Amino acid sequence: MREVGALIRGARKGRSMTQSQLAERVGTSQSAINRIEQGGQNLSLEMLTRISDALDQQIVSIGGAPQRAHLRVQGGRKLSGSIAVNSSKNAAVALLCASLLNRGVTRLHRVARIVEVDRIIDVLRSLGATVTWSEDGEVLEIVAPSDLHLDAIDADAARRTRSVLMFLGPLSGRYGSFRLPYAGGCDLGTRTVEPHLIALRPFGVDVEATSGWYEVDVANTEVPTKSVVLTERGDTVTENAILAAAARDGVTTIRNASPNYMVQDLCFFLELLGVQVEGIGSTTLRITGKSRIDEVVDYWPSEDPVEAMSLLTAGIVTESTLTVTRAPIEFLEIELATLAEMGLRFDVSDEYAAANGRTRLVDITVHPSELHAPIDKIHAMPFPGLNIDNLPFFVVIAAMAEGTTLVHDWVYEGRAIHLLDLTRLGASVTLRDPHRLDVTGPTHFSGAEVSCPPALRPAVVILLAMLAAKGESVLRNVGIIARGYEQLQERLNSLGASIETFHD
């Protein structure tokens with residue numbers, strides 16, 4: 001019922017409809033709609049039909065195989081107007097995991113309603129946490145019990161998200177032994193968990209892989225100070241070490257830490273819980289943890305630089321004048337500098353503060369430009385370099401540019417292969433090896449039918465290329481896009497795109 005409720009809420013918000021307006025259309029009360037969207041009220045087939053009719057969208061399929069969602073795109077249209085960046089998906093999942101440290105009340109504001117968040121919420125609820133959305137969907141409240149129900153963990157939800165690895169840190173500070181399901185997520189090739197294990201060993205954490213589970217034992221290694229050197233400057237690896245340090249009394253120094261946006265968000269949140277964090281934004285963090293945290297805390301996650309890059313790319317590839325507001329500039333500066341080298345014309349507003357009071361935001365307006373390939377290759381680096389999640393967008397941008405661009409994705413050996421699907425739309429993309437692509441432009445994209453890649457960012461890149469393609473395109477099996485984007489189709493349509501959902 002929670003999943004059905006989330007679908008109803010997403011469809012309602014996508015049509016800019018209030019709970020009261022939907023209640024009026026289906027002949028019930030606003031409070032009943034709120035309970036339905038929270039998953040707290042049983043639904044008859046008659047009520048489901050009325051809601052589907054009111055929202056002009058089939059919510060569930062009764063009988064037979066589940067229907068898969070596809071997108072039909074009428075491309076070649078200019079976009080216009082402005083669009084605000086939503087809060088960060090990667091920050092949200094880290095903050096949800098961090099809520100386990102707090103015995104009090106954690107309220108997170110403006111959390112994106114995406115599949116990845118819903119899966120972590122399912123795991124939290126299975127552990128005994130009370131997780132509720134406010135009536136307007138703007139506030140997510142989490143109350144973790146004193147004793148978690150570790151044996152009742154929702155293994156199905158946990159296995160479908162790699163973010164479940166970030167439960168290792170907070171749980172290791174509370175329990176001597178526990179087990180977690182194997183982590184899943186996008187199909188991006190081999191991604192070892194060994195850096196996580198290396199990061200947690202100084203805290204006495206020993207992990208043994210068994211059939212489908214990580215069996216975790218935590219030795220009592222309490223010492224006043226610890227030093228942790230990360231072998232990989234990964235975002236989630238750093239977050240796991242931070243969470244483990246925050247859950248224990250004493251001082252921990254973490255070296256070679258990622259200073260990326262989601263790590264900074266986590267540190268800002270922990271400071272509100274009374275955890276001292278020195279060195280935020282640098283590669284060396286000094287954390288003074290607390291074994292007992294009982295606070296009432298409100299936090300606003302910062303805006304998502306990857307969504308900002310997605311929206312900027314939509315304007316670039318459609319050769320439109322488009323303004324993206326509330327963009328976290330600190331985490332987009334290298335991307336903008338690279339785009340400037342490629343000839344993109346854009347304007348950046350004065351800076352202003354995000355709701356968390358710490359992140360610096362700007363409004364960015366892109367204009368139609370004659371792009372050319374950069375002299376050097378385009379490659380990602382740990383922050384403050386070009387964000388690894390933003391790298392795929394440069395493949396479709398390079399396809400619009402005169403000349404040949406080498407794009408080097410040194411992290412994931414499988415992701416570059418997924419971007420070869422751009423050739424179905426007319427792009428010239430060739431694979432040098434599993435990590436490197438040559439992209440030659442300019443491309444005159446044309447409509448085609450493509451199956452959605454099993455990785456989030458390449459899937460969105462294909463969708464954005466379809467916006468630029470003349471004629472009709474079809475993107476099949478698009479469920480993975482909902483993992484990281486809330487109502488992306490509706491938001492692009494508000495800018496002038498023509499994207500419709502259909503089912504087989």
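## Helix α2 and its neighbourhood

Glu-24 and Arg-25 are exposed on the other side of α2, away from a set of buried residues made up of Gln-19, Leu-22, Ala-23 and Val-26. Here buried means under 20% relative accessible area, exposed means over 50%, and partly exposed is in between (1.4 Å probe, protein chains only). Looking down the axis of α2, the buried residues fall within an arc of 100 degrees, so they line one face of the helix. That arc is taken from the directions from the helix axis to the C-beta atoms. Helices (H or I, at least four residues) and strands (E, at least two) are DSSP runs, numbered from the N terminus.

Thr-18 sits in the loop between α1 (2-14) and α2 (19-26). With a relative accessible area of 40%, Thr-18 is partly exposed. Thr-18 and Leu-55 are 37 residues apart in sequence, and their C-alpha atoms are 11 Å apart in space.

## Before you read on

This is a predicted model: local features need pLDDT of at least 70, side-chain atom pairs count only at pLDDT 80 or more, and totals for chains, interfaces and linings use all residues. Residues are numbered from 1 along each chain as its sequence is written, and side-chain values use heavy atoms, with hydrogens and water left out.

## Aromatic rings

There are three aromatic pairs in the structure. In Phe-269 and Tyr-299, the ring centres are 6.0 Å apart and the planes are at 65 degrees, so this pair is edge-to-face. Phe-269 belongs to helix α11 (residues 261-272) and Tyr-299 to strand β13 (residues 296-299), so the pair ties together parts 30 residues apart in sequence. Both partners count as buried, Phe-269 at 0% relative accessibility and Tyr-299 at 3%. Phe-331 and Phe-383 make a tilted pair, 4.9 Å centre to centre with 45 degrees between the planes. For the cut-offs, rings of Phe, Tyr and Trp (its six-membered ring) pair if their centres lie within 6.5 Å; planes under 30 degrees apart are stacked, over 60 edge-to-face, and the rest tilted.

Tyr-261 joins Phe-331 and Phe-383 in one aromatic cluster. Of these, Phe-331 is buried at 6% relative accessible area, and Phe-383 is buried at 11%.

Trp-133 has charged company too. Arg-113 lies over its face at 3.9 Å from the ring centre, and Arg-9 also lies over the face of Trp-133, at 5.8 Å. A charge sits over a ring if NZ of Lys or CZ of Arg is within 6 Å of the ring centre and within 35 degrees of the ring normal.

## Salt bridges

A search of the whole structure turns up 19 salt bridges, each a side-chain nitrogen of Lys or Arg within 4 Å of a carboxyl oxygen of Asp or Glu. One of them joins Arg-107 and Glu-141 (3.8 Å, N to O). Arg-107 is in strand β3 (residues 105-109) and Glu-141 in strand β5 (residues 139-143), so the pair ties together parts 34 residues apart in sequence.

Arg-326 bridges to Glu-303, with the closest N and O atoms 3.0 Å apart. The two ends differ in cover: Arg-326 is partly exposed at 24% relative accessible area, whereas Glu-303 counts as buried at 1%. Arg-360 and Glu-351 form another salt bridge, their closest N and O atoms being 2.7 Å apart. Arg-72, Glu-472 and Glu-500 are joined into one network by salt bridges that share partners.
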